[in-house]
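Work through the exercises below with the structure in view. Try each task before you read its solution.

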Amino acid sequence: MDKLLSVNNLYYKYPNAEKWALEDVNLSLKRGEWTAVVGHNGSGKSTLAKLLNGLLIPEQGNVVLDDDIEVNEDTVWEVRKRVGMVFQNPDNQFVGATVRDDVAFGLENIGIPREEMVKRIEHALQDVKMTDFLNQEPHHLSGGQKQRVAIAGIIALQPSLMILDESTSMLDPSGRKEVVETVRDLQRKTEMTVISITHELEEIIEADRVIVMNQGKVYKEGTPHELFEQADELTEIGLDLPFTIQLSRELEKCGIDVDGVYLTHGEMVDRLWKLYSKM
């Protein structure tokens, strides 16, 4: 896969802060890849997200998009056409009176012709399974539905990269599952590049690659399974292991091997049922 974005020796410090929020961060994103960035509160992951689309400008180092655009104050509007962000609270992103109006807002801002706009709105809402809610007021939707509309507003702009900045943290488990599955389906269908910022390790199993942040630095990097094999190190830096991993470890202490470093809830139920059937 081609490289879409590179982060080079990145440093950032908030005004009046003593410590760097990010310190000498280096990483790259490939086209069509889903990368999860995880870490405890204060690890620098959300600061990184804001630097990727120009909400913040680095003090040292740079972010380069498509090998030719460095993110800075002169290029920020061009960058935001290519990098879309879905925030933690979807209510803060809504500006339209209806779902249709809200998805249209970003397209109007960049001057998309009306005929093309109508097509993009329709396709974007189809992609997130929200066409039945075209004329609904966004604030009357459920949390998961709101985030799906926010995602539709981004994909209608056809960006190169979509950033999910803690976009499931305010949702209940079913809402989180709904949003993650929506994004995963989109990513597989369109080969959109996705970076998800989260502290929920339950979510990273869907990612192609995971970057672990700690104290403003890249702490570890690998596939979800590679990182879950180092579970003790993740807990040492303040991350909570998914329930199924905790359950697997407790079962192992009792001499029960469920045969898997990480299992989804469904896979865990299947393994336990098979073990029970053999008793």
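Two strands pair if DSSP finds at least two bridges between them. Helices (H or I, at least four residues) and strands (E, at least two) are DSSP runs, numbered from the N terminus. This is a predicted model: local features need pLDDT of at least 70, side-chain atom pairs count only at pLDDT 80 or more, and totals for chains, interfaces and linings use all residues. Residues are numbered from 1 along each chain as its sequence is written, and side-chain values use heavy atoms, with hydrogens and water left out.

**Exercise 1. The open sheet**

Task: Find the order of the strands in the open sheet of 4 strands, and say which strands stand at the edges.

Solution:
- Step 1. The order is E2-E1-E4-E5, and the pairing is antiparallel.
- Step 2. Strand E2 (22-30) and strand E5 (69-70) are the edges; each has a single partner strand, so one side of each lacks a neighbour in the sheet.
- Step 3. Look at one pair. Strand E1 (residues 3-12) joins E2 over 6 antiparallel bridges. Val-7 has Leu-27 of E2 as its bridge partner.
- Step 4. Add the helix. H1 (residues 45-52) lies across E1, E2 and strand E4 (60-65), at about 120° to E1. Angles run from 0 to 180 degrees between N-to-C directions, with axes fitted to C-alpha atoms, for helices over the stretch in contact.

**Exercise 2. Strand E3**

Task: Is strand E3 (residues 34-38) buried or exposed, and which strands pair with E3?

Solution:
- Step 1. Buried means under 20% relative accessible area, exposed over 50%, partly exposed in between (1.4 Å probe, protein chains only).
- Step 2. In E3, 5 of the 5 residues are buried, so the strand is largely enclosed by the rest of the structure.
- Step 3. In a regular strand the side chains alternate between the two faces of the sheet. Here Trp-34, Ala-36 and Val-38 point one way, and Thr-35 and Val-37 the other.
- Step 4. E3 pairs in the parallel sense with strand E8 (residues 193-198) over 5 bridges. Val-38 is bridged to Thr-198 of E8.
- Step 5. E3 also pairs in the parallel sense with strand E9 (residues 209-214), over 4 bridges. Thr-35 is bridged to Arg-209 of E9.

**Exercise 3. Two helices**

Task: Describe how H3 and H5 cross, and which residues make the contact.

Solution:
- Step 1. The axes of H3 (residues 99-109) and H5 (residues 143-155) come within 8 Å and cross at roughly 35°.
- Step 2. Contact means heavy atoms within 4.5 Å. Val-99, Asp-102 and Val-103 of H3 meet Val-149, Ala-152 and Gly-153 of H5.
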